[in-house]
Amino acid sequence: MNIATLKVHGDDDGLADVRDGLPTEPDSDWQKGDVKPDGRVRIDSGFYVSIGTDQNPDDLLKQIRHYLAECSARGIHFERSDVAAELRISFTTERGEATPSLDFTLADLTLLVEMGINLSITA
């Protein structure tokens, strides 16, 4: 299964501004000082938003485009000093199965840059 998640973290006021404008509610969140599963203490607050899940990489990319376009239309941007955002895409494949390809266009990459979103892809 292919999954796209938006991770947003920073100071509480900035997070509140972003969170209020999102098209969907975050799936999970954490507070500064919370202990991570690995035992380390979180240095800031944040949340995760599920953007899409699909076996087909092209359909997942459509879901990502739609969500980011909605955020942009709502005036949500992350290129601010008090908040950071990362689009996380993960691929899960069966043993021996080829890793799917995800083909971002220049427009996709430009939108990520303009919105101040980092990109992380794992397989």
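**Fold and helix packing in the predicted model**

The protein exposes about 7,200 Å², of which carbon and sulfur atoms supply 49%. The structure is a predicted model. Buried residues account for 34% of the 123 residues in the protein. Along the principal axes, the C-alpha atoms occupy a box of roughly 40 × 35 × 20 Å.

The secondary structure consists of 3 helices and 5 strands, and these follow the pattern β-α-β-β-α-β-α-β when read along the sequence. The radius of gyration is 15 Å, close to the 14 Å given by the globule rule for 123 residues, so the protein is as compact as a globular protein of that length. Contacts link residues that are far apart in sequence: among those between residues at least 6 apart, 71% join residues at least 24 apart.

The 5 strands form an open sheet with mixed pairing, in the order E2-E3-E1-E4-E5. Strand E2 (28-30) and strand E5 (117-122) stand at the edges; each has a single partner strand, so one side of each is left without a neighbour in the sheet. From one strand to the next, the twist averages 20°. In general, strands of a sheet pair through backbone hydrogen bonds, in either a parallel or an antiparallel sense. The pairing between strand E4 (residues 83-91) and E5 is parallel and extends over 6 bridges. Within this pair, glutamate 86 stands opposite asparagine 118 in E5.

Helix H2 (residues 57-73) lies across four strands of the sheet, namely strand E1 (2-10), strand E3 (45-54), E4 and E5. Relative to E3, helix H2 runs at about 135°.

Helix H3 (residues 106-115) has a buried side and an exposed side. Asp108, Leu112 and Met115 of H3 are buried. These three residues cover an arc of only 75° around the axis, which puts them on the same side of H3. The cover over the buried residues of H3 includes H2, E4 and E5. Leu106, Ala107, Val113 and Glu114, on the other side of H3, are exposed. Just after H3, glycine 116 adopts a positive phi of about 75°. Strand E5, an edge strand of the sheet, thus pairs with E4, is crossed by H2 and contributes to the cover of H3.

How values were computed
Residues are numbered from 1 along each chain as its sequence is written. This is a predicted model: local features need pLDDT of at least 70, side-chain atom pairs count only at pLDDT 80 or more; totals for chains, interfaces and linings use all residues. Side-chain values use heavy atoms; hydrogens and water are left out. Two strands pair if DSSP finds at least two bridges between them. Helices (H or I, at least four residues) and strands (E, at least two) are DSSP runs, numbered from the N terminus. Axes are lines fitted to C-alpha atoms, for helices over the stretch in contact, and angles run from 0 to 180 degrees between N-to-C directions. Contact means heavy atoms within 4.5 Å. The radius of gyration is taken over C-alpha atoms; the globule rule is 2.2 Å times the number of residues to the power 0.38. Buried means under 20% relative accessible area, exposed over 50%, partly exposed in between (1.4 Å probe, protein chains only). Accessible areas come from the Shrake-Rupley method with a 1.4 Å probe; for residues, only the protein chains shown count as cover. The arc is that of the directions from the helix axis to the C-beta atoms.
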